[in-house]
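The following paragraphs lead the reader through a single structure. Please keep the sequence and the model in view while reading.

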Amino acid sequence: AKITFIEADGKEHQVEAQEGQSVMQAAMDNLVPGIVAECGGFASCATCHGYVEEAWLTKVPAPDAAEEGMISCAYHVRPNSRLTCQIKVSPALDGLVVRLPASQT
Ligand code: FES
């Protein structure tokens, strides 16, 4: 699935993500700046925070309680904030657009 990450300054990175991996992992594999992912994908650091583009909010599975709790620890939180390590890549997400916060701290 193709995923586009857009940095806070507008720079776009389109990557090819593998089904089953997380959106965070796809960003890391492709050296997308702006995702730190300190905890390695266990919903316990909130440094893989990104904003799911409005049009995709209904297509991405809703966050679970652990993710909801950790998002509240992220910086620059918005209503469409998600932890990218908790979004699993699937064919349904082909074309997904995730904007990145200006910083993860
Ligand atoms: Fe740590 Fe996502 S990588 S919460």
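A convenient place to begin is L31, a residue in the loop between helix 1 and strand 3. Is L31 buried or exposed? Its surroundings hold 9 C-beta neighbours inside 10 Å, and L31 therefore counts as exposed; the cut-off for that class is 12 or fewer. A second point of reference is P79, which lies 48 residues from L31 along the chain. The C-alpha atoms of L31 and P79 are separated by 26 Å. These positions, like every other in this account, belong to a predicted model.

The loop that holds L31 also contains two alanines with a notable backbone. A37 is placed between helix 1, which spans residues 23-29, and strand 3. Although A37 is not a glycine, its phi is positive, at about 55 degrees. A37 has 21 C-beta neighbours inside 10 Å and so counts as buried, the threshold being 20 or more. A46 is likewise found in the loop between helix 1 and strand 3. For A46, too, phi is positive without the residue being a glycine, here with a value of about 65 degrees. Because 24 C-beta neighbours lie inside 10 Å of A46, this residue counts as buried.

From this loop the view may widen to the chain as a whole. Its secondary structure consists of two helices and five strands. Read from the N terminus, the elements follow the pattern β-β-α-β-α-β-β.

How are the strands arranged in the sheet? The five strands form an open sheet in the order 2-1-5-3-4, and their pairing is mixed. Strand 2 (12-16) and strand 4 (81-83) occupy the edges; each has a single partner strand, so one side of each is left without a neighbour in the sheet. Direction ignored, neighbouring strands of this sheet are turned against each other by 35 degrees on average.

Strand 3, which comprises residues 49-52, deserves a closer look. With strand 4 it pairs in the antiparallel sense over three bridges. In this pairing H49 has L83 of strand 4 as its bridge partner. Strand 3 also pairs with strand 5, residues 96-99, again in the antiparallel sense, over two bridges. Here the bridge partner of Y51 is R99 in strand 5. Which residues cover the two faces of strand 3? H49 and Y51 lie on one side, G50 and V52 lie on the other, and all four are buried, so that both faces of the strand are covered.

The overall dimensions complete the description. The C-alpha atoms of the chain fill a box of roughly 30 × 30 × 25 Å along the principal axes. For 105 residues, a compact globule would have a radius of gyration near 13 Å; the chain has 12 Å, which agrees with that expectation. Of the 105 residues, 32% count as buried. Among contacts in the chain with a separation of 6 or more, 66% join residues 24 or more positions apart.

Conventions. Residues numbered from 1 in each chain as written. Predicted model: local features only at pLDDT ≥ 70, side-chain atom pairs only at ≥ 80, totals over all residues. Pairing = 2+ DSSP bridges. Axes fitted to C-alpha atoms, helices over the stretch in contact; angles between N-to-C directions. Rg over C-alpha atoms; globule rule 2.2 N^0.38 Å. Contact = placed C-beta atoms within 7 Å.
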